[in-house]
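Me: I am new to this structure and would like a close look at one part of it. Please take your time and then walk me through the surroundings too.

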Amino acid sequence: MRRLTRRTLITMILLPAVLLAAAVYLVVDTVPSLPSAPLAPVLGMPEAAKEHYTPFSGPHPRLTQRPGEVFDFPIQPGETGPAEPLFAGARKYPFFCGEDRSREAAAQPLIDNDQGHGVPVFALDDGELDTDRVIGFSRDCQLPTHVTYHYLREGTNNFFPLEQADGDIATVTVDGRETEFVVRLETGTINRFIYAIAVLRGSGEAAQDPPSPEFWNQRLIYQFRGGIGIGRQQGNFSTRYVLEERLDELAQGYGIAFSTANATRNHFDVALAEDTAWRVKRQFSAMYGEPRHTIGIGSSGGAIQQYLMAQNAPGLLDGVIAVYSFPDMITQTTHVHDCELLEYFMGETDRGNPLWRDWESRSLLQGLAADNEAYNRFAPAQRAADFLTGRWNRLRGLRGSSECVSGWRGLTPLISNPHFVDTDLYYADEVLQQVDWTYWGDLAHIMGTDEHGYAHDSWDNTGVQYGLAALRSGDIDPETFLHLNASVGSWKRGNAMQAERFWFLTGPLFPVRLSFMSEQNMEQASGPDGIAARRQGHEPAMRAAWYSGQVFTGVADIPILDVRHYLDDELDMHHARASFSARARMIDAMGQAGNQAIWVAREPYDPRPEALQVMEQWLENRHGRPQASAATTRPDTAADRCMDETGHTLARGETVWDGAWNDRQTGDCMQQYPIHGTSRMVAGDDIRGSVFRCHLQSVDEALAGGVYGNVDMQEHRQRLQAIFPDGVCDYSRGDAARPPELLPALRATLPGVDN
């Protein structure tokens, strides 16, 4: 009896400790990690960085002549490029210096001040950094232009510095001539960002000589990259971006150009990205000559840049290959910011409703894909937090997720919470306190700032009837619909937001306040009526988004190949609907979208090499008929189509992507790869997704107009009026914030389009 008691006592002591350790491990192991502290963070910034702005009021960049270049290109090796943008506005501070990893490890930015602004620059001791001796500071992160040579090692797909070659240089044949596969790589800074230009080396060429265009095929590929960043950093450059990733194109003789300004992991300032791309092209042309044409290629945020540059900057790109596209960034924030509000309603406010235990039912409100069997990577940490806080009735499995969770979780605080900075270790505390660390804050010169110094944003949910389509279809009842819309609330303004709880361990020891949904920053129901406040966006800021070219309007008249893998069933953020959102906007703006082809394939087939071949055909057709439109010069090979995992074409033609989105019978490709909606589409918006603020109609008008379908909501009239005192959305009237004169003015720039 004594031994049994001892064992029981030991078990009672050890079991909670083991469970506690397991819970802490799960939280630490599954909560997203943050970058480590850099050797040289930003220690100070100029006082002039603190400014207040009014929202931009036009004109649109497509209607604007860019100023003439003031810098004398080319930049020679050892010289530095321009730091001040040509037309994209003043330099922003603070600005964290990245790394050009094609250079020696001890390479540092040039000293430009001794006032403590920017990152420290250290003395060198036998080629090593002496971090105890600061010899100056760099606020603009300038680097002298530098040339290196890299060779493709025979039998591999990897490049190495030429000095490492030992009889193992691969060869390549360009235009019938064989040569060693050696690439001249030039890097430097333009507009403070790291640029790179890569071209096959000419015969006898050396770093100190002007580059030879001997094996250049007279064509340029401009590389764009994705990610989600909120500015204030230069970004890193790796040779992989223009060598390994563009190996096949280099082998064909293409020139490759890139800048970290054209990676959205660093920022989403479209004007700055465009300004820099023009200048990198000028550097390329000054060294090699004008390219016959320039093709853009890039994924996700890289595709966003291409769509917007096709609209905003005619002549910069001649054709684009947009991979995993979205039409723009700013209109994605509208429905994505609904995600956690709806997750909180289903997971907390209405958690007693058995409907929401079925993850796939969550699509009824969110529109995005969901899967009961998908692994939820956030669930282990949430289960651990539930255990630590004694909420044992919530300890369920790890299966079940949605695109909102698996694809978009974490974006809302990154975009809109000024107290959440995923790169906070890059900046000293006193610097962090001076900046609005949001997507909107980086665009403050466009969106304007409020009386607290925070940037205005475009997010608005006044009048949005969440779950409307589910009500009309009978999938939710009127009581759930009313409870949802009374409770869902909105997001607090920047000045009222609190720090996030899910990226760090909070509390004295354990993550007892872990929340992935950021509910501390939600406007929740209070008072006897149980109605949470909705949020009205700043209309001048919304108009500024339209005027500044941050929104893809659909006006783009160059060849566009929109290619992607089908990832909807993987709950990836790169859903197929985005391609059709862009197409619908083009049809709305131009009356047709004949210059856009949509290709969707299954992994592992990669459609990009074929897309480049087809783009070449398309552009050569345009060279042969320079007065003809992109739609009329489109080759048969650029037809809409869908492919399987081997690249076999399943269907092709003008109708293969028809479906509910354009009110037509479902086409063969749409049957193979169905698209999903968004929370705003469930609420009544269409696939364009470009409404910031809906036009409002009274509840009585909605009841009389059949907004609720066959569901009799008359008996709920008073509750509807209490929830929606200003009225409900009438999406048929488009965006109330879009300047009415804008689209006609943009249409007028298109030759042959009926205005």
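In which loop does Asn-191 lie, between which two strands?

Reply: Happy to help! Asn-191 lies in the loop between β7 (182-190) and β8 (193-200). Those labels come from DSSP runs numbered from the N terminus, where a helix is H or I over at least four residues and a strand is E over at least two. Before going further, please keep in mind that this is a predicted model, in which local features need pLDDT of at least 70 and side-chain atom pairs count only at pLDDT 80 or more, while totals for chains, interfaces and linings use all residues. Residues are numbered from 1 along each chain as its sequence is written, and side-chain values use heavy atoms, with hydrogens and water left out.

Back to the loop. Asn-191 has a phi near 55°, which is positive although the residue is not glycine. Most residues other than glycine have a negative phi, and most peptide bonds are trans. Asn-191 is also buried, with a relative accessible area of 1%; buried means under 20% relative accessible area, exposed over 50%, and partly exposed in between, with a 1.4 Å probe and protein chains only.

Tyr-324 makes a good companion to look at. Its phi is near 50°, again a positive value in a residue other than glycine. Tyr-324 is found in the loop between β12 (319-323) and α5 (332-349), and at 16% relative accessibility it counts as buried.

Phe-193 leads us on to another loop, as it is one of the residues in contact with His-267. Contact here means heavy atoms within 4.5 Å. Leaving aside neighbours within four places in sequence, the other partners of His-267 are Gly-229, Gly-231, Ala-261, Leu-272, Ala-273 and Asp-442. His-267 sits in the loop between β10 (255-259) and α3 (270-288) and is buried, with a relative accessible area of 4%. Its side chain also reaches the backbone nitrogen of Asp-269 at 2.9 Å.

Two peptide bonds deserve a glance as well. One cis bond joins Gly-58 and Pro-59, with omega about 0°, and another joins Tyr-93 and Pro-94, also with omega about 0°. Pro-59 lies in the loop between α1 (2-30) and β1 (119-125), and Pro-94 lies in the loop between α1 and β1 too.

Further along the chain is helix α15 (residues 539-547), whose buried residues are Ala-541, Met-542, Ala-544, Ala-545, Trp-546 and Tyr-547. The cover over them includes α12 (444-447), β22 (728-735) and α22 (742-747). Just after α15, Gly-549 takes a positive phi of about 80°.

Finally, here is the whole chain around these parts. The protein chain has 22 helices and 22 strands, and its C-alpha atoms fill a box of roughly 80 × 80 × 55 Å along the principal axes. Buried residues make up 59% of its 755 residues. Among contacts between residues at least 6 apart in sequence, 74% join residues at least 24 apart.

Key. A polar contact is a pair of N or O atoms within 3.5 Å; within protein, one must be able to donate a hydrogen and the other to accept it, and residues adjacent in sequence count only if both atoms are side-chain atoms.
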